[in-house]
Amino acid sequence: NLTSKFQVIFKKLRRKGRLNPKDIQEACRDIKLALLQADVNFRVVKEIIANISKKAEGKEVMQSLTPGQQVIKIVKSELTRIMEGGESDLNLSPFPPTIIMLVGLYGCGKTTTCAKLGYYLKQKGHSSMLVAADPYRPAASEQLKILGKRIDIPVYTGSEEGSPVDIVKSSKILAEKEMYDFLLIDTSGRLHIDEGLMEELRLMKEEISPNEVLLVVDAMTGQEAVNIAKTFNEKLDISGVILTKLDSDARGGAGLSINMVIGKPIKFVGVGEGLSDLSRFYPERMASRIIG
Amino acid sequence: IFVNKGISQRLISEVEERLILADVGIDTTSKIIDRLKDIQHKITPGNEQQVLDLLKHIVYEILRDGNFHLNLSQLPCVIMIIGVNGVGKTLTAAKLSKRFKDQGMSVLLVASDTFRASAITQLSLLAERAGVPLFKQKEGQDPSSVVYDALSLVNKRDIDVAIIDTSGRSHTNFNLIKELQKMRKVCERLIDGAPHEVLLVLDATTGQNAFSQAKVFRDNLKVTGLSLAKLDSSSKGGIVIAIFSELGIPVKLVGVGEGLDGLLTFSPRQFVEALFD
Ligand SMILES: Nc1nc2c(ncn2[C@@H]2O[C@H](COP(=O)(O)OP(=O)(O)OP(=O)(O)O)[C@@H](O)[C@H]2O)c(=O)[nH]1
Ligand SMILES: Nc1nc2c(ncn2[C@@H]2O[C@H](COP(=O)(O)OP(=O)(O)OP(=O)(O)O)[C@@H](O)[C@H]2O)c(=O)[nH]1
Ligand SMILES: [Mg+2]
Ligand SMILES: [Mg+2]
């Protein structure tokens, strides 16, 4: 990993006495490799390296007895800084329900995360209704229904013929009437390049004015994470991101890249298949994970 | 201006960026660029189209010797569909079953995901849509026992292909890898030559972690091929180049959409064209 690699590099650099800018450039090459290996977007890496090399040529590093450690510190704090901005708490509605829409690509974990979020809020004393607004995927509403039952949270599935927008509109009326604290909407997977399905989401948002539109992203997503997030953000002005499947060994550079490019915060992370496997996002922990 | 005689540094940087953005990965990208530099004396300075053609040729050469065919040399044929969570295993299993059925073979889909909510219902609906029979048992049952009973049935009936859909799992979960190993042993015991194919489904939008997935599944289970799902997305799936050149696992199938007909046989030529598209 980068930390042990740097220990080796800087050990032999220390023997030379003072560091010079060329040594820093060599360290930056290794940082670039580590970030690319972690699926940080190519153009984001370029920008990060530019910022880091400036800081690394300062005298804290050049005159330090442990320059390797100093550089690692700079990298970590730079990555943490990128992921720290924005409101990482949920935006609440002044009157119930607070409406949260979950959107994202196929298979990233929306349905599971919808139930996880309901459970998380329940633990905090809030009531939720889950909405199965995916009439396309075979057995999608049954899937959410079963998850809801496991945690004793009601699931609205609407009529069989309802379009996703219709289902969501009726669910809002019911949630307002029953005064649920939260209305959590599970939508179907889609491609960001499918104009029809992206328009469906835009219409849905227009109809129910959610307090949060959270983009669910698989932590193992590669270089396209930036384009995916950009498109969802342009069409829906998303309010945040949930990064899933962080219980794997995926480094999660997609999360950093998305933060950097669209400036929306990561609000939660998925760390397993169980309904309690949802936790808050900690930028510093993520930075260490990405560096490896 | 023109370093390296044939290719400018600017062009090399552009090539590097394009390959990395396609998830080819930094190591494989460096190897491809080194190969390009080796043959740059053939390049007319400034001829960018020529560079592109040479790049396509280099990548094609890496991929061309893969075995892209499914092993149907021995019937009944048993195919295991494995992979991490949400990549497209269940839909791929259904697509593959329809392909064989359309070719006139008798197919049995096996629902061995007894864990995830609605997994069996999902596959039942897809099997019905594909017009293929489904073998299923109780939720919560040991998946190995489902495989055992399914393959015992295959031995009794005149079934040509059994396609076993498995539950998603993280390759980092030791117990779930062991569970797959146990299922594989059941296949070996019950049917001659089984499993004839162990197809690892990868999501085309996945980055470098796909390599780690492939390595772990290969080391623990012997993987015969990849099925690259969701290639209809904007991702290029470039990681499969490294997976073939370093792990020896070829792509055999490509998933291109939610419909049951959205399954293609891997073509290195088409893949290379799309990579540089
Ligand atoms: N290991 C792990 N698996 C997860 C996590 N979140 C979801 N999953 C699994 O990922 C798979 C896909 O989850 P779903 O919730 O069905 O994904 P989805 O986004 O709703 O899928 P579509 O509706 O088809 O787009 C399932 O097997 C889930 O159990 C996580 O944080 N870790
Ligand atoms: N666009 C597109 N979607 C696909 C493709 N393959 C699968 N999907 C979708 O991806 C989602 C997940 O597919 P599944 O077949 O449930 O994935 P899985 O690997 O079986 O998931 P788990 O069993 O939960 O691990 C579904 O919404 C599928 O329709 C593909 O080639 N293209
Ligand atoms: Mg879903
Ligand atoms: Mg499945």
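Colleague: What makes the pair formed by A:G189 and ligand 1 a polar contact?

Modeller: In this predicted model, a backbone N or O atom of A:G189 lies 3.5 Å from an oxygen atom of ligand 1. A polar contact is a pair of N or O atoms within 3.5 Å, so this pair meets the cut-off. A backbone N or O atom of A:V271 also lies 3.5 Å from an oxygen atom of ligand 1, and the pair therefore counts by the rule of 3.5 Å.

Colleague: Which part of A:K110 takes part in a contact with ligand 1?

Modeller: The side chain of A:K110 does: one of its N or O atoms is 2.7 Å from an oxygen atom of the ligand. That value is within 3.5 Å, so the pair is a polar contact. With regard to cover, the protein hides 95% of the 660 Å² of accessible area that ligand 1 has on its own.

Colleague: What makes a residue part of the shell around ligand 1, and which residues are the closest?

Modeller: A residue belongs if one of its heavy atoms lies within 4 Å of the ligand. The shell holds 22 residues, and the closest are A:K110, A:T111, A:T112, A:R137 and A:E273. Ligand 1 lies between chains A and B. Helix α6 of chain A, residues 110-123, gives the most to this shell, with four residues. By class, the shell has four nonpolar, 10 polar and eight charged residues.

Colleague: Where does ligand 2 lie, and which residues of its shell are the closest?

Modeller: Ligand 2 also lies between chains A and B. Around ligand 2 there are 21 residues, and B:K89, B:T90, B:L91, B:R116 and B:D232 are the closest. The most is given by helix α4 of chain B, residues 89-102, with four residues. The shell divides into four nonpolar, nine polar and eight charged residues.

Colleague: How do you know that B:T90, B:R116 and B:G257 make polar contacts with ligand 2?

Modeller: An oxygen atom of ligand 2 is 2.8 Å from an N or O atom in the side chain of B:T90. For the side chain of B:R116, the distance from an N or O atom to an oxygen atom of the ligand is 2.9 Å. A polar backbone atom of B:G257 is 3.1 Å from a nitrogen atom of ligand 2. These distances are within 3.5 Å, so the pairs count as polar contacts. Of the 650 Å² of accessible area that ligand 2 has on its own, the protein covers 94%.

Colleague: Why is the largest cavity called a cavity, and what is its volume?

Modeller: It is called a cavity because a 1.4 Å probe fits there but cannot get out. Its volume is about 130 Å³. The lining has 17 residues, and A:L105, A:C108, A:D218, A:T221 and B:T205 are the closest to its centre. Strand β5 of chain A gives the most to the lining, with four residues. By class, the lining has 11 nonpolar, four polar and two charged residues.

Colleague: Which residues line the second largest cavity, and why are three of them classed as nonpolar?

Modeller: The lining consists of A:L36, A:D39, A:Q223, B:I20, B:D23, B:G25, B:I26 and B:Q208. Leu and Ile count as nonpolar, so A:L36, B:I20 and B:I26 are the three in that class. The other residues divide into three polar and two charged. This cavity holds about 40 Å³ of space.

Colleague: What makes the second largest pocket a pocket, and how many residues line it?

Modeller: A pocket is an open set of points, whereas a probe cannot get out of a cavity. The second largest pocket holds about 340 Å³ of space. It is lined by 17 residues, with A:N41, A:R43, A:E224, A:N227 and B:L21 nearest its centre. Helix α10 (225-236) of chain A and helix α1 (9-21) of chain B are the elements that give two or more residues to this lining.

Colleague: How do you know that strands β1 and β4 of chain B pair?

Modeller: Two strands pair if there are at least two bridges between them; β1 (77-82) and β4 (161-165) have five, so they pair. Their sense is parallel, and B:V78 stands opposite B:A162 in β4 of chain B.

Colleague: Why are β3 and β8 of chain B called edge strands?

Modeller: The open sheet has eight strands in the order β3-β2-β4-β1-β5-β6-β7-β8, with mixed pairing. Strands β3 (134-135) and β8 (263-265) each pair on one side only, and they are the edge strands.

Conventions. Residues numbered from 1 in each chain as written. Chains lettered and ligands numbered in written order. Predicted model: local features only at pLDDT ≥ 70, side-chain atom pairs only at ≥ 80, totals over all residues. Heavy atoms only, no water. Polar contact = N/O pair within 3.5 Å; in protein donor to acceptor, adjacent residues only side chain to side chain. Areas by Shrake-Rupley, 256 points an atom, 1.4 Å probe, with all protein chains shown as cover. 1 Å grid on protein atoms, 1.4 Å probe; cavity = no way out; pocket = protein on both sides within 12 Å on 5 of 7 lines; lining within 4 Å. Points joined across faces, edges and corners; volume = space filled by probe spheres on them.
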